[in-house]
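Visitor: Please take a close look at the surroundings of the ligand in this model. I would like one connected account, with anything of note elsewhere in the backbone and helices added at the end.

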Amino acid sequence: MSRRPQAPRGTFDVLGDDAERRARVEGEARRILGAAGYRRIETPAFEATELFARGVGESTDIVQKEMYTFDDGGGRSLTLRPEGTAPIARAYLEHGMHKLPQPVRLWYLGPFFRRERAQAGRYRQFCQVGAEAVGAEEPGVDAELIVLLADLLRAVEVREVRLRLNSLGSTESRAAYREELLDYERAHAPELHPDVRARIELNPLRAFDSSDPGTQRVMAGAPKLYDALSEEDRAHFEEVTAHLEDAGQPYELDTSLVRGLDYYRRTLFEFTSDRLGAQSGVAGGGRYDGLIELIGGAPTPGCGWAAGVERMLLASESPAPAPPPVDLYVAIARPERRRVAWALAQEARRAGVAAQLESAGRSLKGQLKHADRLGARYVAIVEEEGVSLRDMQSGEQELMAADLVIRAILRPAA
Ligand code: HAM
């Protein structure tokens with residue numbers, strides 16, 4: 001006997017109540033971000049591999065081992081998008097969005113793909129909702145994004161949320177620090193995990209991200225980028241934090257926070273939930289002032305974030321929203337009247353009445369029970385002589401011609 005097919009490892013089907021909960025996240029994102037002037041953008045599910053290699057960075061786990069890359073048959077290398085910021089930078093360039101009033105505020109929601117070791121809260125296909133503001137250096141934009149993200153997490157009832165914040169400095173202040181950190185790491189190389197050691201020359205900052213205890217011990221004593229910030233970087237960061245304080249948004253300064261993407265400059269942040277286990281990151285983001293230049297555009301600042309929809313729901317206690325109401329259940333008392341029932345259901349739907357039609361050959365008693373389980377307001381029992389319309393709340397029933405049923409339902413309650 002052959003094995004039954006299963007969804008690939010790290011993927012899942014979205015069923016029933018889960019679909020409603022996910023739709024709610026999307027609705028809250030549209031409401032909160034839309035009201036702040038963010039417009040929806042959709043980019044393709046795959047892009048040229050080069051975009052991520054350059055944009056996300058060769059030293060990152062994502063590019064080194066997590067991308068789903070394939071040849072499209074014509075010798076072009078394509079990659080299922082592992083994240084949304086590089087594609088948005090590409091779209092900004094491609095559509096000349098620098099000509100629009102700046103910053104260009106965008107939001108997105110959709111599937112992303114990473115070949116990670118699957119575990120609770122970590123999938124190979126997952127859904128992110130994200131927001132990006134491209135074209136402004138203004139620290140108020142960073143704060144706006146962070147506060148909107150906090151609002152979204154609150155709206156979908158994500159529990160035990162903490163915000164950690166750091167500044168990575170601009171490219172310039174990083175250059176000098178990079179040498180200082182590299183010297184330190186080279187001096188401690190034997191104590192670093194071999195994977196970390198192999199990557200320090202590519203990006204010495206990534207060592208802060210390691211979960212290896214030996215590496216963590218070394219990095220606890222490493223010079224911090226935060227202490228090497230230029231005056232401009234520090235002033236920028238202080239304005240971000242001042243705005244957060246004005247908005248009543250609590251945060252923790254975490255000078256060892258680095259994130260697994262190379263494009264970050266200056267403001268960096270992560271929201272975690274203590275409700276989640278090892279994969280505690282619910283959302284993260286930061287400023288990426290060098291990204292657009294890196295992929296071939298003029299120097300353009302940008303800032304944004306993405307939140308994992310599955311992790312938001314794992315850390316949330318919000319019950320699934322109720323399924324859409326059923327106004328009318330069309331029951332069939334006599335099988336030969338099926339076409340009348342069919343026509344009635346069509347007419348009802350066109351009139352904006354949420355209608356379901358019996359389709360399982362149940363007995364009339366079974367149909368009424370099913371309609372009751374669905375919470376139908378009315379049941380139309382299609383009989384020989386006409387239609388008996390039953391009000392499920394009052395139990396009142398009235399026999400009428402089929403063409404009067406919709407009017408009777410839409411009649412305002414006395
Ligand atoms: P990221 O931290 O790689 O950032 O991902 C953002 C969020 O996506 C994470 O906090 C997590 O909730 C979710 N996520 C990531 N990987 C997985 C996975 N394998 N399974 C489930 N959920 C996952 C970015 O992607 C950046 N593009 C964010 C950004 C936007 N930065 C600036 N603008």
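**The shell around the ligand**

Guide: Sorted by class, the shell around the ligand holds ten nonpolar, nine polar and seven charged residues. This is a predicted model, and the distances and angles below are computed from it. The shell counts 26 residues, and those that come nearest to the ligand are E83, E116, Y123, Y264 and V282.

Y264 also takes part in a polar contact: one of its polar side-chain atoms lies 2.6 Å from a nitrogen atom of the ligand. T85 likewise places a polar side-chain atom 3.0 Å from a ligand nitrogen. With G281 the backbone is involved, as an N or O atom of its main chain lies 3.2 Å from an oxygen atom of the ligand. On its own the ligand has 660 Å² of accessible area, and the protein covers 95% of that.

Three elements give two or more residues each to this shell: β6 (125-134), β10 (281-287) and β11 (302-308). The largest share comes from β10, with six residues.

Next, a pair of helices. The axes of α1 (residues 16-35) and α5 (residues 139-155) come within 10 Å and cross at roughly 145 degrees. The crossing of α1 and α5 is right-handed. On the α1 side the contact is made by R24, V25, E28, A29, R31, I32 and L33, and on the α5 side by L148, D151, L152 and A155. By class, the residues of this contact are seven nonpolar and four charged, with no polar ones.

Two backbone details remain, both in loops. Most residues other than glycine have a negative phi, and most peptide bonds are trans. The bond that joins Q102 and P103 is cis, with omega about -5 degrees. P103 is in the loop between α4 (85-94) and β5 (104-113). E157, which is not a glycine, has a positive phi of about 60 degrees. The loop that holds E157 runs between α5 and β7 (161-167).

Technical notes
Residues are numbered from 1 along each chain as its sequence is written. This is a predicted model: local features need pLDDT of at least 70, side-chain atom pairs count only at pLDDT 80 or more; totals for chains, interfaces and linings use all residues. Side-chain values use heavy atoms; hydrogens and water are left out. A residue is near a molecule or strand if one of its heavy atoms lies within 4 Å of it. A polar contact is a pair of N or O atoms within 3.5 Å; within protein, one must be able to donate a hydrogen and the other to accept it, and residues adjacent in sequence count only if both atoms are side-chain atoms. Accessible areas come from the Shrake-Rupley method with a 1.4 Å probe; for residues, only the protein chains shown count as cover. Helices (H or I, at least four residues) and strands (E, at least two) are DSSP runs, numbered from the N terminus. Ala, Val, Leu, Ile, Met, Phe, Trp, Tyr, Cys and Pro count as nonpolar, Asp, Glu, Lys and Arg as charged, and the others, Gly among them, as polar. Axes are lines fitted to C-alpha atoms, for helices over the stretch in contact, and angles run from 0 to 180 degrees between N-to-C directions. A crossing is left-handed if the near helix is turned anticlockwise from the far one by less than a right angle, and right-handed if clockwise. Contact means heavy atoms within 4.5 Å.
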